[in-house]
Amino acid sequence: MSLVFLIWKQTRPSEEHAAVQSILKDLAAYQDEIESWGYQVSVFDPVQDGRKDTKDIELLPFALLHYAQGYYHPVLILTDQTGGIWFFSNGFDQYAKQTTDLELTELHKKGEQMIEISTMLWLQKDSKNRILSDFNYAKRGKRSYYDIEATLYISGVSPQTGERVYISNGGFCETQYCSNNFEECKRFSGIDPESANRFADMQIKKRFTAEELLDIYRQGIELQNRLVELSDRG
């Protein structure tokens with residue numbers, strides 16, 4: 001009996017997942033209120049949309065690959081006024097944002113030039129089935145302690161020609177953080193905190209402070225809770 005209960009507990013839909021799917025089934029009844037919070041509303045359906053074209057690395061298609069493999073439930077997407085994108089299925093799942101700025105940048109063997117730098121950030125929970133909460137109670141050094149995957153992609157384009165250029169410290173880097181502080185990090189796999197990906201952490205922290213990452217995370221939790229409350233009222 002205990003084994004049956006354990007299987008049921010691990011496979012039953014979460015309250016957060018049920019709330020999101022309930023809203024998506026009758027989105028028209030909820031959309032105006034959600035948009036009054038300051039977000040544009042859209043939907044990604046893995047069954048209908050499948051894999052998005054990732055030939056050119058772009059923000060939204062890359063983020064949606066999180067759901068494209070063996071996943072059959074629609075995803076609620078909220079985009080804020082700054083271009084931040086929030087994804088909800090089993091609660092708050094991930095956040096993505098792209099920014100572009102002119103920066104004085106070191107080029108490979110060409111010295112410093114003003115380059116249009118594109119920065120893409122993804123914050124994604126380590127497990128699709130884990131509901132993100134206000135505090136991570138896992139012990140330090142355990143795999144569940146590092147519950148957020150952070151990926152940064154930096155690329156450069158010449159403002160004169162529009163062509164991509166090679167920049168120092170460009171490309172992808174990734175690591176995992178404890179969502180309690182976004183300071184303790186580790187490599188993408190393994191649980192040894194002494195093997196933390198310090199290079200990725202350094203690159204990410206050049207662009208985003210721990211406090212900024214924590215604010216993003218907490219905003220996602222707040223939206224998750226508001227969606228549950230909205231579903232309960234409906």
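Select isoleucine 85 and alanine 96: alanine 96, in strand E4, is the bridge partner of isoleucine 85. The model on screen is predicted, and this pair is the starting point for the tour.

**Strand E3 and its neighbours**

Extend the selection to E3 and to E4, which covers residues 91-107. The two strands run antiparallel and are paired over 5 bridges. They make a hairpin, with 1 residue between them.

Now add strand E2, residues 75-79. E2 also pairs with E3 in the antiparallel sense, here over 4 bridges. To see one of the matched positions, pick isoleucine 77, whose bridge partner in E3 is phenylalanine 87. E2 and E3 form a hairpin too, with 5 residues between them. Select glycine 83 in that turn: its phi is positive, at about 95°.

With the partners shown, is E3 enclosed or open? Strand E3 spans residues 85-89, and 5 of its 5 residues are buried, so the strand is largely enclosed by the rest of the structure. Colour the side chains by face to check this. Ile85, Phe87 and Ser89 are on one side, Trp86 and Phe88 are on the other, and both faces are covered.

**Lysine 125**

Next, select lysine 125, which is in strand E5. Is this lysine buried or exposed? Lysine 125 has a relative accessible area of 1%, so it counts as buried.

Show the polar atoms around the lysine 125 side chain. One of them lies 2.9 Å from the backbone oxygen of asparagine 90. The side chain of lysine 125 also makes a polar contact of 2.7 Å with the side chain of aspartate 93.

For the wider surroundings, leave out residues up to four places away in sequence; lysine 125 then touches Asn90, Phe92, Asp93, Arg130, Leu132, Asp147 and Ile148.

**The cavity beside lysine 125**

Rolling a probe the size of a water molecule over the atoms shows where empty space is left. Keep lysine 125 selected, as it is one of the residues lining the largest cavity. The count of cavities of 30 Å³ or more comes to 1, and the largest cavity holds about 40 Å³ of space.

To outline this cavity, select Phe92, Asp93, Gln94, Leu123, Gln124, Lys125, Leu132, Ile148 and Tyr217. Which elements give two or more residues to this lining? They are E4 and E5. By class, the lining residues of the largest cavity are 5 nonpolar, 2 polar and 2 charged.

**The second largest pocket**

Gln94 and Gln124 are also among the residues that line the second largest pocket. This pocket has a volume of about 210 Å³. Add the other lining residues to the selection: Phe62, Ala63, Leu65, His66, Trp122, Glu149, Thr151, Glu174 and Phe188.

Three elements each supply at least two residues of the pocket lining: helix H5 (59-68), strand E5 (111-125) and strand E6 (148-157). Which of the elements gives the most? H5 does, with 4 residues. Coloured by class, the pocket lining shows 5 nonpolar, 4 polar and 2 charged residues.

**Phenylalanine 182**

Move on to the loop between strand E8 (171-177) and strand E9 (185-186), and select phenylalanine 182 within it. Its phi is near 55°, a positive value in a residue other than glycine. Phenylalanine 182 has a relative accessible area of 0% and is buried.

**Aspartate 201**

Select aspartate 201 in helix H6, which covers residues 198-207. Residues under 20% relative accessible area count as buried; aspartate 201, at 13%, is therefore in that class.

Which side chain is in polar contact with the side chain of aspartate 201? It is the side chain of tyrosine 177, with a contact of 2.7 Å. Leaving out residues up to four places away in sequence, aspartate 201 touches Thr175, Tyr177, Glu183 and Cys185.

**The whole chain**

Finally, clear the selection and show the full chain. It has 7 helices and 9 strands. Of its 234 residues, 46% count as buried. Among contacts between residues at least 6 apart in sequence, 61% join residues at least 24 apart.

Notes. Residues numbered from 1 in each chain as written. Predicted model: local features only at pLDDT ≥ 70, side-chain atom pairs only at ≥ 80, totals over all residues. Heavy atoms only, no water. 1 Å grid on protein atoms, 1.4 Å probe; cavity = no way out; pocket = protein on both sides within 12 Å on 5 of 7 lines; lining within 4 Å. Points joined across faces, edges and corners; volume = space filled by probe spheres on them. Nonpolar A, V, L, I, M, F, W, Y, C, P; charged D, E, K, R; others polar. Buried < 20%, exposed > 50% of the residue type's maximum accessible area, 1.4 Å probe, protein only. Pairing = 2+ DSSP bridges. Polar contact = N/O pair within 3.5 Å; in protein donor to acceptor, adjacent residues only side chain to side chain. Contact = heavy atoms within 4.5 Å.
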